[in-house]
Amino acid sequence: MSTAVSPLAPTDIPELPAIDGVRVATAQAGIRYKNRTDVLFAAFDEGTTVAGVFTRSKCPSAPVEWCRARLKRGSARALVVNSGNANAFTGKAGQAATQLTAKLAAQANGCRSDEVFLASTGVIGEPLDATKFDTVMQTLVESAGPGRFLDAAKAIMTTDTFPKVATAQARIGKTLVTINGIAKGAGMIAPDMATMLSFIFTDAPIAGSALQKLLSEGVVDTFNAVTIDGDTSTSDTLLAFATGAAEARGAPRIARAGDPRLKSFRKAFNDVLANLSEQVARDGEGARKLVEIKVEGAVSDKSARRIAMSIANSPLVKTAIAGEDANWGRVVMAVGKAGEPADRDKLSIWFNGIRVATKGARDPSYDEAKVSESMKKPEIELKVALGLGKGRDRVLTCDLTKDYVAINGDYRS
């Protein structure tokens, strides 16, 4: 975990209210870090539903496989998350570690092992000593209480420079419900499902199948539209838990994601996902600039997404932005290599609203001084118009600095 906070960090950290049916605790288990919390425990009331999306990596971590196998039940009673060790590429020992962790949590919490969900983040390839959970699990269960979501976000940080939290409220029927979210992630980020680690909590009474559909749809233009370095983690996990406690206050139980009574909730839910995913982009390892890439005029939205990601994942584009250079030539390169329909002579490019290239050449009114001054801003908007159709999309990324190399060069040492 870095000691220097990203210059792009939010200036205000929201206060996340307690959610009925969720109790949280953190502890120091000494997984890898010293003198800091590294374990998050959350307990849920009976009847809590769960949904999840995970990495599509062909080399997933043991906790990802554990959660996938238990998600079909659609119910949860506990969540255990550790930082410092990803429990990935750890073979049978990794599977044994998940089994032991779930067993310890279930025994302490008075539930079944298959009602315990797990996630791990940190170094890949190092065995996870799950016996370390034994020394803290009972204390975690006994000390778990309402709120404490900020503490939870801090416990799961690795190279993050600030805790990532978000909250929103919505109405289901006439009843106000709350949605809280936490996330971690700063490097190895090119989500192919959801992102790094993120957990959403709500008191809304929503069936597991409906919650799953909301989550699967919600990540498309939020977490799946963020990239830091183009590398998809082995551990990417996003879980959503709905305790249903608001039903006692009059909220109707929702069985279908298409229920019109979910309109307000869906918007608030997606707002939390969008907020957290932007915070991940803001905390990109070594980042000094948040970059929003907009592509329009593509042959389809899908084509626009692929082109936007090609630009966002280009080291040459990202380093140019780090150097405050509006190098449209590198953008043209990234568009051309995306493998999607494009016409060089119809292409136009803008940096922060200033058109720098059009019709296959530099803009006739290009002003180097004006553009250079604009590139000094901490937030950069890069827009590309292809002139081929109505497809459009946008993704978030950050610049690529020397600090990224330093952080990752020293990660295991």
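In this predicted model, strands β6 and β7 pair in the antiparallel sense, and 9 bridges link them. One of the paired positions is R171, whose bridge partner in β7 is L176. The two strands form a hairpin with 2 residues between them, and in this hairpin G173 takes a positive phi near 70 degrees.

## The open sheet

The hairpin belongs to a wider arrangement, an open sheet of 5 strands in the order β3-β9-β8-β7-β6, in which the pairing is mixed. The strands β3 (49-54) and β6 (164-172) stand at the edges and have a single partner strand each, so one side of each is left without a neighbour in the sheet. From one strand to the next, the twist averages 15 degrees. As a general point, strands of a sheet pair through backbone hydrogen bonds, either parallel or antiparallel. At the β3 edge, the partner is strand β9 (residues 237-242), and these two pair in the antiparallel sense over 6 bridges. Within that pairing, T49 stands opposite A242 in β9.

## Helices that lie across the sheet

Which strands does helix α1 lie across? Helix α1 (residues 62-71) lies across β3 and β9, and its direction makes an angle of about 135 degrees with β3. Its buried residues are A62, P63, V64, W66, C67 and L71, and what covers them includes β3 and β9 as well as α2 (91-109), β5 (116-123) and α6 (208-218).

Helix α7 (residues 263-282) lies across β6, β7 (175-184), β8 (197-202) and β9, running at about 170 degrees to β6. With 20 residues, α7 reaches 29 Å from its first C-alpha to its last, which is close to the 28 Å expected at 1.5 Å a residue. The buried residues of α7 include F265, A268, F269, V272, L273 and L276, and also S277, Q279 and R282.

## The nonpolar cores

In soluble globular proteins, nonpolar side chains tend to be buried together. The largest nonpolar core of this model has 55 residues, and those with the most contacts inside it are L79, I182, F199 and F201. Leaving aside residues up to four places away in sequence, F199 touches L79, V81, A119, I156, N180, G181, I182, L238 and L239. Another core, of 42 residues, lies apart from the largest one, and among its members are A170, I179, L238 and I254.

## Two residues in helices

Is M137, which is found in helix α4 (residues 137-143), buried or exposed? At 2% relative accessibility, M137 counts as buried, because the cut-off for a buried residue is under 20%. Not counting residues up to four places away in sequence, M137 touches F41, V80, T101, L104, A105 and A108.

A322, by contrast, is found in helix α9 (residues 315-322) and is partly exposed, with a relative accessible area of 29%. With the sequence neighbours up to four places away again left out, A322 touches D399, L400 and T401.

The table sets out, for each of these two residues, a pair separated both in sequence and in space.

| Pair | Separation in sequence | C-alpha to C-alpha distance |
|---|---|---|
| M137 and I206 | 69 residues | 29 Å |
| A322 and I156 | 166 residues | 28 Å |

## Positive phi in two loops

Most residues other than glycine have a negative phi. Phi of N352, however, is near 50 degrees, a positive value in a residue other than glycine, and N352 has its place in the loop between β11 (348-351) and β12 (354-358). K359, in the loop between β12 and β13 (361-362), likewise has a positive phi, near 55 degrees. At 67% relative accessibility, K359 counts as exposed.

## The whole protein

The secondary structure of the protein comes to 12 helices and 15 strands. Its radius of gyration is 22 Å, close to the 22 Å that the globule rule gives for 413 residues, so the protein is as compact as a globular protein of that length. Along its principal axes, the C-alpha trace spans about 70 × 50 × 35 Å. Of the 413 residues, 57% are buried. Among the contacts with a separation of 6 or more, 81% are between residues 24 or more positions apart.

Terms used: Residues numbered from 1 in each chain as written. Predicted model: local features only at pLDDT ≥ 70, side-chain atom pairs only at ≥ 80, totals over all residues. Heavy atoms only, no water. Pairing = 2+ DSSP bridges. Helix = DSSP H or I, 4+ residues; strand = E, 2+ residues; numbered from the N terminus. Axes fitted to C-alpha atoms, helices over the stretch in contact; angles between N-to-C directions. Contact = heavy atoms within 4.5 Å. Core = buried A, V, L, I, M, F, W, Y, C linked by side-chain atoms within 4.5 Å. Buried < 20%, exposed > 50% of the residue type's maximum accessible area, 1.4 Å probe, protein only. Expected span 1.5 Å × (residues − 1). Rg over C-alpha atoms; globule rule 2.2 N^0.38 Å.
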